[in-house]
There are 2 protein chains.
Amino acid sequence: MKPRITLKKIASEFGVSISTVSKALKDSHEISEETREKIKAFADYYNYKPNSLALQLRNQKTSVIGVIIPEIVHHFFSTVINGIEQYATKKGYNVMVCVSNESYEKEVSNFSVLTNGSVDGLIVSIARETQQKNDYSHFEGLIKDDFPLVLFDRINENLACDKVIIDDAGGAYKATNHLIEIGSEKIALLTTQDFITVGSLRKEGYLKSLRQNGIEVDENLIYKIDDTKDLYEQIKKVIFVNNPPDAILAVNEIYAANALKIAKERKLSIPKDIAIIGFTDGLISEFTYPPLSEVVQHGFEMGQQAAELLIKRIEQISQGEFRKEVISTNLKIRKSTLSTD
Amino acid sequence: MKPRITLKKIASEFGVSISTVSKALKDSHEISEETREKIKAFADYYNYKPNSLALQLRNQKTSVIGVIIPEIVHHFFSTVINGIEQYATKKGYNVMVCVSNESYEKEVSNFSVLTNGSVDGLIVSIARETQQKNDYSHFEGLIKDDFPLVLFDRINENLACDKVIIDDAGGAYKATNHLIEIGSEKIALLTTQDFITVGSLRKEGYLKSLRQNGIEVDENLIYKIDDTKDLYEQIKKVIFVNNPPDAILAVNEIYAANALKIAKERKLSIPKDIAIIGFTDGLISEFTYPPLSEVVQHGFEMGQQAAELLIKRIEQISQGEFRKEVISTNLKIRKSTLSTD
DNA sequence: CTGAGTTTCGAAAACGTTTTCGTGTTTATA
DNA sequence: TATAAACACGAAAACGTTTTCGAAACTCAG
């Protein structure tokens with residue numbers, strides 16, 4: 001690669017000092033019209049652009065925000081990134097993305113790479129393994145130094161930083177209410193293991209709705225899916241039983257889509273025999289048969305919010321007092337819960 | 001944010017020079033055991049880590065690779081990023097992602113932001129608008145300076161740089177052959193507008209298969225979908241006609257899924273009345289009813305290949321002679337083309 | 001012609017690091 | 001005891017930029 005042209009080279013070209021060149025290029029009145037013009041012409045010709053590393057070092061500011069997510073091949077997370085990216089770009093920031101791959105160790109290593117001066121702040125959604133280990137020392141280190149940090153979706157309540165979550169409990173509550181309204185009585189919940197915060201929050205919303213509607217909670221109807229094992233087999237056990245549930249609330253799209261598929265394999269009519277609704281963020285729901293009703297999670301807004309909170313921290317527009325933004329959900333009713341009687 | 005600790009601060013703490021501290025921390029034999037130990041202990045206690053900006057500036061190397069993609073909320077592209085990220089991480093590089101949003105202007109601005117010293121090289125998939133305008137001056141500027149650059153998927157043949165594409169023509173050829181084998185005679189092609197290279201390559205494969213099998217090409221069966229307009233309405237015109245095709249090859253998953261949905265709305269039996277296969281990269285195909293057959297594009301491998309090519313350029317392992325890697329596709333046959341007679 | 005003011009530029013510090021080279025002190029050897 | 005070698009450290013340059021401050025040189029009024 002050809003070395004880029006620098007102030008020094010331009011300076012030596014004209015036998016002037018570096019400072020003169022710098023000022024000339026910034027149209028400083030300190031430099032004579034004549035000198036200015038010739039320097040600018042030359043710089044222009046050689047397509048001079050200030051080296052951003054040098055600027056970042058001098059200004060002690062990178063204008064880059066780091067994002068660490070558990071996976072990137074995931075509609076929800078990529079939607080959030082999109083929101084982050086868009087807001088960041090608008091504010092003159094760039095985005096550096098790292099993937100923890102749900103691994104504690106990779107998350108820690110991402111932390112150490114990103115927080116050595118290369119980014120002004122960090123937006124993180126916590127890896128599964130970290131939630132499982134319940135070890136947040138890498139976060140605490142940053143927090144101690146007041147490093148700008150925003151958590152989203154997979155958060156930890158005890159960490160002192162800005163957070164943005166979706167209204168998990170509320171969404172599950174609304175969805176369960178909806179199922180009850182259409183006449184469901186035996187509603188199974190397909191949720192994650194307990195240590196995944198969003199899973200347990202959604203479970204709470206489900207429980208709240210049942211209680212309010214006077215439906216007794218049956219623990220046997222609550223299935224905690226292990227994401228590291230075969231989903232299909234686990235969900236099969238929900239539906240291929242003697243007395244299957246008449247409705248399913250799934251905490252994500254994949255669980256819901258699998259449930260739908262399996263229900264059809266069991267020749268159940270949907271939603272007549274079994275209604276299905278999922279927390280869904282992707283494109284699957286629209287194209288299943290019947291299309292899946294969903295709790296819509298507004299990932300894009302979430303990303304924007306996260307970026308806004310972070311940038312306000314970085315630029316010291318907000319100080320002290322950490323905020324927790326809750327992105328509300330809404331129901332999109334499709335044929336999987338809409339009985340067409 | 002608390003300022004991070006630097007060599008200078010450590011030096012002044014012990015009344016030694018910066019160089020001494022630097023050497024001590026690197027276990028240089030030049031420094032006495034005693035001095036070394038106390039400096040290391042102190043640095044450790046204050047969690048010293050070298051400022052990466054300073055290192056990058058000094059070493060003239062950022063160990064960051066920039067990626068510019070048209071969209072990020074897109075299964076294929078995020079899969080590619082995943083491949084890039086994984087390979088890059090393995091080689092000690094970080095990834096900076098920018099989204100052009102299919103816009104020429106944003107692509108150009110991404111270029112100028114990323115190529116001012118903040119990345120060692122660039123991996124790009126060209127924006128739709130750029131392909132339409134056919135203006136590649138921003139690429140040519142980089143190429144003139146031998147800036148490490150790799151194009152993937154949406155490439156331009158005339159640009160002198162490394163490229164990695166999938167075997168678009170081959171995939172379409174295989175898919176069309178498959179449709180013919182199962183007895184289809186009137187095969188519609190749902191493709192993109194001509195300026196999208198992958199679309200036109202896939203069309204070529206389709207045409208080749210038809211010709212080889214002695215089927216006359218009917219231009220009326222080739223539908224060029226405009227992505228900026230309503231897909232559903234456009235695809236409806238393919239199927240809600242007097243004599244609908246008995247097979248459809250779609251150049252992406254969304255077209256295929258829509259076609260499937262619409263065919264069912266028209267009460268066509270799949271694959272009996274109409275077989276459908278798509279170039280698909282996402283999760284939809286598995287969950288439609290019937291599940292969609294697909295030409296599998298190996299996005300992850302593509303990302304890895306792109307990263308490998310780029311890093312070899314950056315590290316001057318490869319020089320001159322640009323390479324063009326072709327990632328082969330394979331067919332995944334599902335019920336949408338598998339007649340179960 | 002002198003003093004003040006203006007114009008035009010350069011030196012140097014600063015950001016944080018690494019590395020080469022030099023220098024002073026101590027130790028060992030003849 | 002003189003000399004060489006080993007040891008322990010510091011100064012300074014380099015990466016590329018911005019900015020403050022100082023200083024020449026020039027202009028102009030009195």
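How many residues does the contact take from chain B, and how many from chain A? It takes 42 from chain B and 41 from chain A. The model behind these counts is predicted.

**The two chains**

Start with the symmetry. A turn of 180° with a shift of 0.0 Å along the axis lays chain B on chain A, at an RMSD of 0.1 Å. The two copies are therefore related as by a two-fold rotation axis. The same surface serves both copies, since 98% of the contact residues of chain B recur in chain A.

Now the contact itself, with its 42 residues from chain B and 41 from chain A. On the side of chain B that touches chain A, five elements of chain B give two or more residues each: α4, α5 (75-90), β2 (94-99), α12 (253-265) and α13 (284-287). That side of chain B has 21 nonpolar, 14 polar and 7 charged residues.

**The DNA strands**

Which residues come closest to DNA strand C? They are A:Ser19, A:Thr20, B:Thr6, B:Ser19 and B:Ala54, out of 25 residues that surround the strand. Both chains supply elements to this surface. Chain A brings α2 (18-25) and α4 (52-59), each with at least two residues. Chain B brings α1 (7-14), α2 (18-25) and α4 (52-59), again with at least two residues each. By class, the surface near DNA strand C holds 10 nonpolar, 10 polar and 5 charged residues.

DNA strand D also has 25 residues around it. Here A:Thr6, A:Ser19, A:Ala54, B:Ser19 and B:Thr20 come nearest. For strand D, chain A supplies α1 (7-14), α2 and α4, while chain B supplies α2 and α4. Each of these helices gives at least two residues to the surface. The surface near DNA strand D divides into 10 nonpolar, 10 polar and 5 charged residues.

**Helix packing**

Three helix pairs are set out below.

| Helix pair | Axis distance | Angle |
|---|---|---|
| α2(A) and α3(A) | 9 Å apart | about 85° |
| α5(B) and α14(B) | within 7 Å | roughly 45° |
| α9(A) and α10(A) | within 7 Å | roughly 40° |

Take α2(A) and α3(A). They pack at an angle of about 85°, so they are roughly perpendicular to each other. From α2(A), the contact uses A:Thr20, A:Val21, A:Ala24 and A:Leu25. From α3(A), it uses A:Thr35, A:Arg36, A:Ile39, A:Lys40 and A:Ala43. The contact of α2(A) with α3(A) has 5 nonpolar, 2 polar and 2 charged residues. A:Thr20 of this contact is also one of the residues closest to DNA strand C.

Next, α5(B) and α14 (residues 299-314) of chain B. Their axes cross at roughly 45°, so the helices are oblique to each other. The crossing of α5(B) and α14(B) is right-handed. Residues making the contact include B:Phe76, B:Val80 and B:Tyr87 of α5(B), and B:Phe300, B:Met302 and B:Ala307 of α14(B). By class, the contact of α5(B) with α14(B) has 10 nonpolar, 7 polar and 2 charged residues. Helix α5 of chain B also gives two or more residues to the side that touches chain A.

Last, α9 (residues 168-181) and α10 (residues 197-212) of chain A. Are α9(A) and α10(A) parallel or oblique to each other? They are oblique. α9(A) passes α10(A) in a right-handed crossing. Among the residues that meet are A:Ala172, A:Tyr173 and A:Ile180 in α9(A), and A:Leu201, A:Tyr206 and A:Leu210 in α10(A). The contact of α9(A) with α10(A) divides into 8 nonpolar, 6 polar and 4 charged residues.

Technical notes
Residues are numbered from 1 along each chain as its sequence is written. Chains are lettered from A and ligands numbered from 1 in the order in which they are written. This is a predicted model: local features need pLDDT of at least 70, side-chain atom pairs count only at pLDDT 80 or more; totals for chains, interfaces and linings use all residues. A residue is near a molecule or strand if its C-beta atom, placed from the backbone, lies within 6 Å of it. Helices (H or I, at least four residues) and strands (E, at least two) are DSSP runs, numbered from the N terminus. Ala, Val, Leu, Ile, Met, Phe, Trp, Tyr, Cys and Pro count as nonpolar, Asp, Glu, Lys and Arg as charged, and the others, Gly among them, as polar. Copies are superposed by least squares on the C-alpha atoms of residues with pLDDT of at least 70 in both. Two residues are in contact if their C-beta atoms, placed from the backbone, lie within 7 Å. Axes are lines fitted to C-alpha atoms, for helices over the stretch in contact, and angles run from 0 to 180 degrees between N-to-C directions. Angles under 35 degrees count as roughly parallel, over 145 as roughly antiparallel, 65 to 115 as roughly perpendicular and the rest as oblique. A crossing is left-handed if the near helix is turned anticlockwise from the far one by less than a right angle, and right-handed if clockwise.
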